[in-house]
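I'm opening a fresh notebook page for a structure I haven't looked at before. I'll go from the overall picture to single residues.

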Amino acid sequence: MELPAEAFGGVTGKLIALGAELDDTSPTLVTGSLPARLVNTAKRHLPGLTGGMGVWWSRPSGDRPISSRNSPARL
């Protein structure tokens with residue numbers, strides 16, 4: 001994601017709260033991974049957090065195991 005430097009704290013805080021694993025970051029560029037089910041949620045917050053100046057791009061990065069806390073209840 002490209003973003004204005006002044007939005008860095010708010011954007012990274014929201015991404016971490018959603019469960020993102022951040023990789024390389026700079027004040028204007030954030031990279032990392034986020035579960036696919038949360039991508040739309042993150043994208044909905046982007047305009048408000050960046051004053052409409054953020055740019056999001058994503059791509060599938062493969063399968064990962066689901067943790068037990070996110071798994072459906074077993075009967």
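**Entry 1: the surface.** I started from the outside. The protein chain has an accessible surface of about 5600 Å², and carbon and sulfur atoms make up 54% of that. I'm keeping in mind that this is a predicted model.

**Entry 2: the layout.** Next I looked up the secondary structure. The protein chain holds 2 helices and 2 strands. Reading from the N terminus, I get the order α-β-β-α. I also checked burial: 21% of the 75 residues count as buried. Then I looked at contacts with a separation of 6 or more; 45% of them join residues 24 or more positions apart.

**Entry 3: the strands.** I went to the middle of that α-β-β-α order. Strand β1 covers residues 21-26, and strand β2 covers residues 29-33. The two run antiparallel and are joined by 4 bridges. Together they make a hairpin, with 2 residues between them. For one facing pair, I noted threonine 25 opposite valine 30 in β2.

How many of the 6 residues of β1 are buried? The number is 0, so I wrote β1 down as lying largely in the open. A reminder to myself on strands: in a regular one, side chains alternate between the two faces of the sheet.

**Entry 4: threonine 12.** I moved on to helix α1, residues 8-17, where threonine 12 sits. Is threonine 12 buried or exposed? Its relative accessible area is 10%, and the cut-off for buried is under 20%, so threonine 12 counts as buried.

What does threonine 12 touch? Setting aside neighbours within four places in sequence, I found contacts with Leu22 and Val30. Val30 is familiar from the last entry, as the residue opposite threonine 25. I also found that a polar atom of the threonine 12 side chain lies 3.3 Å from the backbone oxygen of glycine 9.

**Entry 5: the core.** Then I looked inside. The largest nonpolar core has 13 residues, and those with the most contacts inside it are Met1, Leu3, Val11, Leu15, Leu18, Leu34 and Ala42. Two or more residues come from each of α1 and α2 (39-50). The biggest giver is α2, with 3 residues.

**Entry 6: methionine 1.** I finished at the start of the chain. Again leaving out neighbours within four places in sequence, methionine 1 is in contact with Val11, Leu15, Thr28, Leu29, Val30, Leu46, Val55, Trp56 and Trp57. Val11 and Leu15 were also in my core list, as was Met1 itself.

Key. Residues numbered from 1 in each chain as written. Predicted model: local features only at pLDDT ≥ 70, side-chain atom pairs only at ≥ 80, totals over all residues. Heavy atoms only, no water. Buried < 20%, exposed > 50% of the residue type's maximum accessible area, 1.4 Å probe, protein only. Contact = heavy atoms within 4.5 Å. Areas by Shrake-Rupley, 256 points an atom, 1.4 Å probe, with all protein chains shown as cover. Pairing = 2+ DSSP bridges. Polar contact = N/O pair within 3.5 Å; in protein donor to acceptor, adjacent residues only side chain to side chain. Core = buried A, V, L, I, M, F, W, Y, C linked by side-chain atoms within 4.5 Å.
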